[in-house]
Amino acid sequence: MCGIVGYTGPREAYPIVLKGLKRLEYRGYDSTGVALLDNGHLNVYKKKGKVAELEETLIGKDLHSHIGIGHTRWATHGEPSDRNAHPHLSNSGELAMLHNGIIENYVPIKNDLLKKGYTFKSDTDTEVLLNFIEDIKKNNNCSLEEALRIALKRIVGAYCILLVEQNDPETIYAARKGSPLVIGIGKGEHFLASDASPIIEYTKEVVYVNDYEIAIVRPDELILKNLGNEKQTPFITKLDMELASIEKGGYDHFMLKEIHEQPDTIHDCLRGRLLPETGQIIMSGIDDNLEALVNAQRIVIVACGTSWHAGLIAEYMIEELCRIPVEVEYASEFRYRNPIINRGDVIVAISQSGETADTLVALEKAKEQGAFILGVVNVVGSSIARISHAGAYTHAGHEIGVASTKAFTGQLAVLSMMALKIAYAKATITEERYMQLVRDLHAIPEKVKEILKDTSNIKAIAEKYKDAKDFLFLGRGYNFPVALEGALKLKEISYIHAEGYPAAEMKHGPIALVDENLPVVFVATKDSYYEKIVSNVQEIKARKGKVIAVATEGDEVIPGMSNDVMFVPDTDEVIAPLLSTIPLQLLSYYVGISKGIDVDKPRNLAKSVTVE
Ligand code: AGP
């Protein structure tokens, strides 16, 4: 979490840093700050709240500088406040630093520094690391670079830091371990950021800094070193991303834009991979490792949040189509519980950002134990993509809204193709069913378009139920994880308590919640569980619950029993979640905006959770 931006070069730094922070606000928005160096003066401006609030307070100030760093924060150590906002100044006032991550052993370091007479203005671990660096520099009478290297070898935790020094008008020191850092290479200038979005409008040439590397960045020079002080060759990558993809394009919110992009993003994900005429599925990451997948004794899926829900759907698909046992693990549990990993197990990591700390560490652990890692990732070049042995990108494009939408359907598209490929190779489904699923999958983008053609009914339903205190989301089979995802979406962007449950399981407890005030969303499309879910709807009706159904076009039974209905086109149940999830995304969106919530940046959340 937290977004960081830096600039060194001939242009004015402040506008570049500020614009970059706005693009990175999805990573955190508790407080904002910038440090600008001009004529030997290190000026730090910071404030609780979003970037626009800081911008407002700085109107009219002289912000001239050719070197600057900025930060948008998601609080870990210390409440969101002006004083805990980054950048921080060292005790001497000569150094300014910002940080994305957590320093785990900051307490003993802070105690030592307190004994030496250092004082602290904030509650952050960052200020401790900064003064630790300053103390090492002073005691060893060494360069800032050397002090930084020594300090980084002694700390435990995750970090991406940017550091500037009062008497050095050109250099930004940067380092990373566990939190992302990209450096854009311009002509006589360099840009630093947590992801490429602040950089894209200036240059397409970037270097992804690796863990345990320090970057010494000047307008004309980029030096990369490891913590052993050995120079590393920067590997320059060309960005495959357009500026338009990170702008709202006429929509009120990124979330709405991203929901409406899904016909295209799913199409992009399938394009060139799924060939409906021949039935071929071409995915090099899977093709090259098909043997490992076909012979897998077990597939373990590791993910968090929405990506975990995609994993649950994949479990249903892979077990049904490929007859391979699948376990779906919360990365945060998997990493700590000493899991058993056997030879022949395949670990599938699912992540939009490719930077989720829990998922990343879980994979590192599994890799150490010899597991084969397959990444299903959206952000190209991200840490999870790089740590995986092989993988398949979801090609959903830049997802900025904190609530994941198009990345989720991209994950489902990739996982469906993967399951079909393995099933075909293992001959665990008939040729006929395989071809039918290929055709059905190919038809999905058009069907999503159909759902999105007119969303006024969903908007009206949202309006009707927006004041509910709780929601229940129920589904069976492939639609059970969709119910979980619907509940998560609603919680995230409307702050309404919502629970997702397997529809049949509600009798074992949650049914006690049902009364005339409780909206119950049934994901009840026509599938092999249909008759069963009809009975579950009856059970809720009998207790006067308000039934909102996601139903298949043409169905008359479920709509006849429901207070409100959102229709989706018919498709095979294996890939039905690609459709049934869309009305739930819209329902949450419209409830969120009708309550006046900033749906792109809901409270307490961040897009990319890079702390554990
Ligand atoms: C989704 O709406 C959430 N904001 C969140 O649950 C997210 O899916 C989770 O943090 C995992 O992120 P990742 O896919 O980037 O790893």
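**Exercise 1. Asp-358**

A polar contact of 2.6 Å joins the side chains of Asp-358 and Arg-335; state where Asp-358 sits and whether Asp-358 is buried or exposed.

Solution.
- Step 1: This is a predicted model, where local features need pLDDT of at least 70, side-chain atom pairs count only at pLDDT 80 or more, and totals for chains, interfaces and linings use all residues. Residues are numbered from 1 along each chain as its sequence is written, and side-chain values use heavy atoms, with hydrogens and water left out.
- Step 2: A polar contact is a pair of N or O atoms within 3.5 Å; within protein, one must be able to donate a hydrogen and the other to accept it, and residues adjacent in sequence count only if both atoms are side-chain atoms.
- Step 3: Asp-358 belongs to helix α12, residues 357-368. Helices (H or I, at least four residues) and strands (E, at least two) are DSSP runs, numbered from the N terminus.
- Step 4: The relative accessible area of Asp-358 is 11%, so Asp-358 is buried. The classes are buried (under 20% relative accessible area), exposed (over 50%) and partly exposed (in between), with a 1.4 Å probe and protein chains only.

**Exercise 2. The ligand shell**

Say which residues are closest to the ligand, and list polar atom pairs between protein and ligand.

Solution.
- Step 1: The ligand is surrounded by 15 residues, the closest being Ser-307, Ser-351, Ser-353, Thr-356 and Glu-492. A residue is near a molecule or strand if one of its heavy atoms lies within 4 Å of it.
- Step 2: Helices α10 (305-322) and α18 each give at least two residues to this shell.
- Step 3: Thr-356 has a side-chain N or O atom 2.4 Å from an oxygen atom of the ligand. For Ser-353, a polar side-chain atom lies 2.6 Å from a ligand oxygen atom.
- Step 4: Val-402 takes part through its backbone, where an N or O atom lies 3.0 Å from a nitrogen atom of the ligand. On its own the ligand has 410 Å² of accessible area, and the protein covers 92% of it. Such areas come from the Shrake-Rupley method with a 1.4 Å probe, and for residues only the protein chains shown count as cover.

**Exercise 3. Helix α18 and its end**

Compare the span of α18 with the expected span, then describe the residue just after α18.

Solution.
- Step 1: α18 covers residues 479-494, 16 residues in total. The expected span is 1.5 Å times one less than the number of residues.
- Step 2: From first to last C-alpha, α18 reaches 22 Å, close to the expected 22 Å.
- Step 3: Of the 16 residues in α18, 14 are buried.
- Step 4: Tyr-495 comes just after α18, in the loop before β24 (497-502). Its phi is positive, about 65 degrees, although Tyr-495 is not a glycine. Most residues other than glycine have a negative phi.
- Step 5: Tyr-495 counts as partly exposed because its relative accessibility is 30%.

**Exercise 4. Helices α14 and α21**

Check the spans of α14 and α21, and say what follows each helix.

Solution.
- Step 1: α14 (residues 406-426) has 21 residues and should span 30 Å; its end C-alpha atoms are 30 Å apart, so the two agree. In α14, 18 of the 21 residues are buried.
- Step 2: Just after α14, Ala-427 has a positive phi of about 55 degrees. Ala-427 sits in the loop between α14 and α15 (431-442) and is exposed because its relative accessible area is 61%.
- Step 3: α21 (residues 577-594) has 18 residues and should span 26 Å; its end C-alpha atoms are 26 Å apart, so the values agree. In α21, 16 of the 18 residues are buried.
- Step 4: Ile-593 is in α21, and at 29% relative accessibility Ile-593 is partly exposed.
- Step 5: Gly-596 follows α21 and has a positive phi near 75 degrees.

**Exercise 5. The loop between β4 and β5**

Locate Ser-81 and find the cis peptide bond that ends at Pro-87.

Solution.
- Step 1: Ser-81 lies in the loop between β4 (67-73) and β5 (88-89). At 10% relative accessibility, Ser-81 is buried.
- Step 2: Ser-81 and Ser-122 are 41 residues apart in sequence, and their C-alpha atoms are 9.2 Å apart.
- Step 3: Pro-87 is also in the loop between β4 and β5. The bond from His-86 to Pro-87 is cis, with omega about 0 degrees.
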